[in-house]
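Ready for a little practice in reading a fold? Keep the viewer open and work through the exercises at your own pace.

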Amino acid sequence: MSRQYIDCREFPSIMNCSVALSADDDQELLEAAVQHAVAVHGHTDSPDLRKQLASLFKPGTPPLNVVQAKTASA
Ligand SMILES: [Zn+2]
């Protein structure tokens, strides 16, 4: 299993969160992502949420900087 990550910086709609999570196992990453989504973003743990989060996983590790469509805050 190769390393995967999910990066809140790629989703500027959600409260400017800059947390990125990574793990070697997609189940570990999903659990961490669900906990983060519930605790920080106020989501409800559900099969739909888990499916949505899992679809956002990317291979590798979080980059130092994320290039977004909008300009970075100064
Ligand atoms: Zn977040």
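Below are three short exercises on this predicted model, each with a worked solution.

**Exercise 1.** Work out which pattern the protein chain follows along the sequence.

*Solution.* Start by listing the elements: the protein chain has 2 helices and 3 strands. Next, read along the sequence, and the pattern comes out as β-β-α-α-β.

**Exercise 2.** Find the order of the strands in the open sheet, and name its edge strands.

*Solution.* First, lay out the antiparallel sheet, whose 3 strands come in the order E2-E1-E3. The edges are then strand E2 (20-23) and strand E3 (58-59), since each of these pairs on one side only. Now look at how strand E1 (residues 4-7) meets E3: the two run antiparallel and are joined by 2 bridges. Here Tyr-5 stands opposite Lys-58 in E3. Finally, add helix H1 (residues 26-41), which packs on the sheet and touches E1 and E2. The direction of H1 makes about 155 degrees with that of E2.

**Exercise 3.** Explain why the buried residues of H1 lie on the same side of the helix.

*Solution.* Begin by picking out the buried residues of H1, counting a residue as buried if 20 or more other C-beta atoms lie within 10 Å of its own. They are Leu-29, Leu-30, Ala-33 and Ala-37. Because these residues cover an arc of only 100 degrees around the axis, they sit on the same side of H1. Then check what they pack against: E1, E2 and helix H2 (47-54). Turn to the other side of H1, and you will find Gln-27, Gln-35 and Ala-39 exposed. To finish, step past the end of H1 to Gly-42, which follows the helix and has a positive phi near 70 degrees.

How values were computed. Residues are numbered from 1 along each chain as its sequence is written. This is a predicted model: local features need pLDDT of at least 70, side-chain atom pairs count only at pLDDT 80 or more; totals for chains, interfaces and linings use all residues. Two strands pair if DSSP finds at least two bridges between them. Helices (H or I, at least four residues) and strands (E, at least two) are DSSP runs, numbered from the N terminus. Two residues are in contact if their C-beta atoms, placed from the backbone, lie within 7 Å. Axes are lines fitted to C-alpha atoms, for helices over the stretch in contact, and angles run from 0 to 180 degrees between N-to-C directions. A residue is buried if 20 or more other C-beta atoms lie within 10 Å of its own, exposed if 12 or fewer, and partly exposed in between; C-beta atoms are placed from the backbone. The arc is that of the directions from the helix axis to the C-beta atoms.
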